[in-house]
Amino acid sequence: MTDYKEEQNNEIEALESIYPDEFENLWRTASNRRGNHSRSEVIDVEPRHKFRITVKSEGSDPYDEIQTLPATIILNFEYTPTYPDEPPVMEITAVENIEEEDLDDLRTKLNEQCEENLGMVMVFTLVSYSLEWLTTHMEGIALSTKEELDRKKKEQEEIDRKKFEGTRVTVETFLAWKAKFDAEMQALRSEKDRDDEKNKKPTGRELFMKDVTLNESDLSFLGEGEGEVTVDESLFQDLDDLDLEDEDDEDYVPGADDDISD
């Protein structure tokens, strides 16, 4: 017959020796109220070992290329009456640099470890597995962080290189640029033509063709004299005294008569 209590006590002594700073033993007591309500009594029942062990992964050296943060969790254990033939009651608490939801994977893995080690004291195995898992988990986070930083650094270097080198010109890229440039220039010319057309002064013909009232205004001006032209006859009274015959002669030379008379 298995002496569960002896196995449990022996494991507790071993754990206290292995983890002197990390191990904390808790005693479970039960309270039972007896008699009338004016009197209560706390009765210590046979203690069931309940304890917790702090598990902490080491951070990386400051000079390491990949910087890993330390992380801390607490493993809470309570023996069942028939431990180790059945798993201990176990609870995991996140303490430092790790999220509670990240521990779901560890909980699953520890339950698997319990099933594999039934019949043997297993707390040391569970603590060792937790430390290994925590270390690997934090190193994975550090590696992912570094890879992300390296990726962003390479992207920025590529952007800077393209800015320095410019865009490589090929026949295809040149033709595409020229088509775009020609379209932009055509749009600018069309806009300029529209502006010139808008600001152009019309000719007289264009004004008359556009506004027929201008023709009517000239006709009304001529109509004011009823078609009659008045001539001042006094301007022509002395025409008879003028010697105009010589001027009608084809051979007439101005001043020639004066030379003969002299």
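This report describes the fold, the core, the aromatic pairs, the surface patch and the salt bridges of one protein chain.

**Overall layout**

The structure is a predicted model. Its protein chain holds eight helices and six strands, and from the N terminus on these elements follow the order α-β-β-β-β-β-β-α-α-α-α-α-α-α. Of the 262 residues in the chain, 17% count as buried.

**Strand S4 and the nonpolar core**

Strand S4 covers residues 49-57 and has two faces: His-49, Phe-51, Ile-53, Val-55 and Ser-57 make up the covered one, while Lys-50, Arg-52, Thr-54 and Lys-56 make up the uncovered one. In a regular strand the side chains alternate between the two faces of the sheet. S4 runs antiparallel to strand S5 (residues 71-78), and eight bridges join the two strands. Within this pairing, Val-55 of the covered face stands opposite Ile-73 in S5.

Phe-51 and Ile-73 appear again in the interior, for together with Val-123 they are the residues with the most contacts inside the largest nonpolar core, which has 27 residues. The elements that give two or more residues to this core are helix H1 (4-18), S4, S5, strand S6 (89-96), helix H2 (104-116) and helix H3 (123-165). The largest share, six residues, comes from H3. In soluble globular proteins, nonpolar side chains tend to be buried together.

**Aromatic pairs**

A search of the whole structure gives seven aromatic pairs. One of them joins Tyr-79 and Tyr-83, which are stacked with 4.4 Å from centre to centre and 15 degrees between the planes. Tyr-79 is buried, with a relative accessible area of 1%, and Tyr-83 is likewise buried, at 0% relative accessibility. The pair formed by Trp-177 and Phe-181 is also stacked, because the ring centres lie 5.3 Å apart and the planes stand at 15 degrees, an angle under the 30 degrees below which planes count as stacked.

How are Trp-177 and Phe-181 placed along the chain? Both lie in helix H4 (residues 171-199), where they are four residues apart, about one turn of the helix. In contrast to the buried tyrosines, Trp-177 is partly exposed, with a relative accessible area of 49%, and Phe-181 is partly exposed at 35%.

Ring pairs also link Phe-23, Phe-51, Phe-77, Tyr-79 and Tyr-83 into a cluster. Phe-51 of this cluster belongs to the covered face of S4, and Phe-51 is also among the residues with the most contacts inside the largest nonpolar core.

**A nonpolar surface patch**

Trp-177 and Phe-181 take part in a nonpolar surface patch of about 640 Å², which they make together with Val-169, Val-171, Phe-174 and Leu-175. Val-171, another residue of helix H4, is exposed, with a relative accessible area of 59%.

**Salt bridges**

The structure holds eight salt bridges. Three of them are set out below, each with the distance between the closest N and O atoms.

| Salt bridge | N to O distance |
|---|---|
| Arg-107 and Glu-100 | 2.5 Å |
| Glu-155 and Arg-151 | 2.5 Å |
| Asp-182 and Lys-178 | 2.9 Å |

What separates Glu-155 from Arg-151 along helix H3? They are four residues apart, so about one helical turn lies between them. Glu-155 is partly exposed, with a relative accessible area of 39%, and Arg-151 is partly exposed at 38%.

Asp-182 and Lys-178 are also four residues apart, in helix H4, and therefore about one helical turn separates them. Asp-182 is partly exposed, with a relative accessible area of 34%, and Lys-178 counts as partly exposed at 36%. Beyond such single pairs, salt bridges that share partners join Glu-100, Asp-104 and Arg-107 into one network. Within this network, Arg-107 is partly exposed, with a relative accessible area of 25%, and Glu-100 is partly exposed at 35%.

Conventions. Residues are numbered from 1 along each chain as its sequence is written. This is a predicted model: local features need pLDDT of at least 70, side-chain atom pairs count only at pLDDT 80 or more; totals for chains, interfaces and linings use all residues. Side-chain values use heavy atoms; hydrogens and water are left out. Buried means under 20% relative accessible area, exposed over 50%, partly exposed in between (1.4 Å probe, protein chains only). Two strands pair if DSSP finds at least two bridges between them. Rings of Phe, Tyr and Trp (its six-membered ring) pair if their centres lie within 6.5 Å; planes under 30 degrees apart count as stacked, over 60 as edge-to-face and the rest as tilted. Patches are made of residues with over 30% relative accessible area and no salt bridge: like charges are joined within 9 Å, nonpolar side chains (Val, Leu, Ile, Met, Phe, Trp, Tyr) within 5 Å. Accessible areas come from the Shrake-Rupley method with a 1.4 Å probe; for residues, only the protein chains shown count as cover. A salt bridge is a side-chain nitrogen of Lys or Arg within 4 Å of a carboxyl oxygen of Asp or Glu. A nonpolar core is a set of buried Ala, Val, Leu, Ile, Met, Phe, Trp, Tyr and Cys residues joined through side-chain atoms within 4.5 Å.
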